[in-house]
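Please look over the sequence and the structure shown here before reading on. The paragraphs after it are meant to be read with both in view.

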Amino acid sequence: MPDCIFCKIIAGQIPAKIVYEDPVVLAFHDLQPQAPVHLLIVPKQHLDRVSDLDETTALLAGQLVATGNRLARELGIAQSGYRLVINCNSDGGQSVYHLHLHLLGGRPMHWPPG
Ligand code: 5GP
Ligand code: ZN
């Protein structure tokens, strides 16, 4: 996806603070962190949004969550707690149309979100 900012990060065309990479997913720091820990975990395969997951790609969701869980443990926030968020489309607060999971932690989270 030529105009996708996360595809450009995956391709190494624009910089990001990458914390984890494997053949399927990439994790990096959010540019505008909303919490002491705020990482984005993305599949290397471009999908516009979570609602585009289907039977052939649904395993990606589990890989994003498993990566978020492991990074939360490694960053020492697993015990205190954290939030995994996927926003979908405009009412869901999505601003970048490449599927991504937010890992937020390091402070108490409030519910409901604003
Ligand atoms: P969304 O609102 O789509 O769920 O989340 C998109 C996130 O991507 C936002 O938290 C925003 O700060 C982050 N973001 C947008 N552009 C960039 C970028 O170029 N680099 C990084 N690292 N994060 C970005
Ligand atoms: Zn993309």
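What follows goes through the ligand site, then the salt bridges, and lastly two pairs of residues in loops.

This is a predicted model, in which local features need pLDDT of at least 70 and side-chain atom pairs count only at pLDDT 80 or more, while totals for chains, interfaces and linings use all residues. Residues are numbered from 1 along each chain as its sequence is written, chains are lettered from A and ligands numbered from 1 in the order in which they are written, and side-chain values use heavy atoms, with hydrogens and water left out.

A good place to begin is ligand 1, which sits in the largest pocket. Here a pocket is an open set of points on a 1 Å grid over the protein atoms alone, where a 1.4 Å probe fits and protein lies on both sides within 12 Å along at least five of seven lines, and a molecule sits in such a pocket if more than half of its atoms lie within 2 Å of its grid points. Around ligand 1 there are 16 residues, of which D30, N87, G93, S95 and H102 are the closest; to be counted, a residue needs a heavy atom within 4 Å of the molecule. Helix α1 (5–10) and strand β2 (25–29) each supply at least two residues of this shell, and the largest share, three residues, comes from α1. Helices (H or I, at least four residues) and strands (E, at least two) are DSSP runs, numbered from the N terminus.

Which atoms lie 2.5 Å, 2.7 Å and 2.9 Å from oxygen atoms of ligand 1? A polar side-chain atom of D30 lies 2.5 Å from one oxygen atom of the ligand, a backbone N or O atom of S95 is 2.7 Å from an oxygen atom, and a backbone N or O atom of V96 is 2.9 Å from an oxygen atom. Of the 520 Å² of accessible area that ligand 1 has on its own, the protein covers 84%, areas being computed by the Shrake-Rupley method with a 1.4 Å probe.

The charged side chains come next. The model has four salt bridges, each being a side-chain nitrogen of Lys or Arg within 4 Å of a carboxyl oxygen of Asp or Glu. In one of them, E21 pairs with K44, the closest N and O atoms being 2.8 Å apart. This pair links distant parts of the chain, 23 residues apart, with E21 in strand β1 (residues 18–21) and K44 in the loop between β3 (37–43) and α2 (59–74). E21 has a relative accessible area of 46% and is partly exposed, a class that lies between buried (under 20%) and exposed (over 50%), judged with a 1.4 Å probe and protein chains only.

R49 and D52 also form a salt bridge, at 3.3 Å between the closest N and O atoms, and D48, R49 and D52 are linked in a network. In helix α2, E74 and R70 are about one helical turn apart because four residues separate them in sequence, and their salt bridge has its closest N and O atoms at 3.6 Å.

Finally, consider the loops. L99, between β4 (82–85) and β5 (101–105), is buried at 1% relative accessibility, and its C-alpha atom is 7.2 Å from that of H46, 53 residues away along the chain. V24, in the loop between β1 and β2, is 7.5 Å from Q45, C-alpha to C-alpha, with their positions 21 residues apart in sequence.

Definitions and conventions:
A polar contact is a pair of N or O atoms within 3.5 Å; within protein, one must be able to donate a hydrogen and the other to accept it, and residues adjacent in sequence count only if both atoms are side-chain atoms. On a 1 Å grid over the protein atoms alone, a cavity is a set of points where a 1.4 Å probe fits but cannot get out, and a pocket is an open set with protein on both sides within 12 Å along at least five of seven lines; lining residues have an atom within 4 Å of a point.
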